[in-house]
Amino acid sequence: MTPYTSPATPTLALPPAFEAFYALHYPSYFDYARVHLTPAEATTCINTVFGTLISRWDTLVGSLNPTAEAWDHLSCQVRERTPYSPISRDRTLHYDVRILTGLGYAATVIAAITGRDASKIRYLSRTSATSPPSTRLQWSRTTAAARGQ
């Protein structure tokens, strides 16, 4: 009789392109999520987003603009988790540009993060209000927490 040994845990080899995408985008995705959510909620949200992205990686990579699709998925997931989302669906990129600008990202970097053309990002940056809404969101979360919501 042989003693029972537990099977080895399989190693999951991620595609190198996904690992590069993750390394490149995780910091900015987390920064964006952190404006809207607590650190724990932001971490959970980002992990869920990247889990979804890897689960449909072949489809994502085959799309016309994988970076834009990934960003749109992140932005949507964050909005769904934000109790008092101050934006309408038709202005999400405009809002996202305001947030990322408020976090200190340059227009060319925002273009790379969101998968949009740099000229569009510069235009949206110029047409945004002067102060990013991150202070309002923090106030909204604090106020909601104080009210027990």
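This passage describes the helices of a predicted model and the contacts that link them.

The chain contains eight helices and zero strands. Read from one end of the sequence to the other, its elements therefore follow the pattern α-α-α-α-α-α-α-α, each element counted being a helix. Of the 149 residues in the chain, 36% are buried. Among contacts with a separation of 6 or more, 70% are accounted for by residues 24 or more positions apart.

Two packed helices are described by the angle between their axes and the distance between the axes. For α1 and α2, the axes come within 10 Å and cross at roughly 145 degrees. This crossing of α1 and α2 is right-handed. On the side of α1, the contact is made by F18, F21, Y22, H25, Y26, Y29, F30, A33 and R34. On the side of α2, the residues that take part are P39, A42, T43, I46, N47, F50, L53 and I54.

One of the α1 residues in this contact is F18. With a relative accessibility of 5%, F18 counts as buried, because the cut-off for burial is under 20%. When residues up to four places away in sequence are not counted, F18 touches F50, L53, I54 and W57. F18 and I54 are 36 residues apart along the chain, and their C-alpha atoms are separated by 7.1 Å.

Helix α1 also holds H36, which counts as buried at 3% relative accessibility. Two polar contacts of the H36 side chain may be described in turn. A polar atom of this side chain lies 2.9 Å from the backbone oxygen of Y32. The side chain of H36 is also joined to that of Y95 by a polar contact of 2.7 Å. Y95 is found in helix α5 and, at 4% relative accessibility, counts as buried. The contact between H36 and Y95 thus has one partner in α1 and the other in α5. Both residues can further be placed relative to positions elsewhere in the chain. H36 and R81 are 45 residues apart in sequence, with a C-alpha to C-alpha distance of 8.4 Å. Y95 and S75, which are 20 residues apart along the chain, have C-alpha atoms separated by 10.0 Å.

Helix α4 covers residues 66-81. At 1.5 Å a residue, its 16 residues should span 22 Å, and the 23 Å between its end C-alpha atoms agrees with this expectation. The expected value is 1.5 Å times one less than the number of residues, because the span runs between the end residues. The buried residues of α4 are A68, A70, W71, H73, L74, S75, C76, Q77, V78 and R79. What covers these buried residues includes α1 (16-36), α2 (39-55), α3 (57-61), α5 (92-102) and α6 (107-114).

T82 lies in the loop between α4 and α5. T82 is buried, with a relative accessible area of 9%. The side chain of T82 reaches back to the backbone oxygen of V78 at 2.7 Å, and V78 is itself among the buried residues of α4.

The count of salt bridges comes to two. In one of them, E69 pairs with R56, with the closest N and O atoms 4.0 Å apart. Because E69 lies in helix α4 and R56 in the loop between α2 and α3, the pair ties together parts that are 13 residues apart in sequence. E69 counts as partly exposed at 34% relative accessibility, and R56 is likewise partly exposed, with a relative accessible area of 29%.

A salt bridge is also formed by D72 and R116, whose closest N and O atoms are 2.8 Å apart. D72 lies in helix α4 and R116 in the loop between α6 and α7 (118-127), so this pair ties together parts that are 44 residues apart in sequence. D72 is partly exposed, with a relative accessible area of 36%, and R116 is partly exposed at 21%. Helix α4 thus supplies E69 to one salt bridge and D72 to another.

Technical notes
Residues are numbered from 1 along each chain as its sequence is written. This is a predicted model: local features need pLDDT of at least 70, side-chain atom pairs count only at pLDDT 80 or more; totals for chains, interfaces and linings use all residues. Side-chain values use heavy atoms; hydrogens and water are left out. Helices (H or I, at least four residues) and strands (E, at least two) are DSSP runs, numbered from the N terminus. Buried means under 20% relative accessible area, exposed over 50%, partly exposed in between (1.4 Å probe, protein chains only). Contact means heavy atoms within 4.5 Å. A polar contact is a pair of N or O atoms within 3.5 Å; within protein, one must be able to donate a hydrogen and the other to accept it, and residues adjacent in sequence count only if both atoms are side-chain atoms. A salt bridge is a side-chain nitrogen of Lys or Arg within 4 Å of a carboxyl oxygen of Asp or Glu. Axes are lines fitted to C-alpha atoms, for helices over the stretch in contact, and angles run from 0 to 180 degrees between N-to-C directions. A crossing is left-handed if the near helix is turned anticlockwise from the far one by less than a right angle, and right-handed if clockwise.
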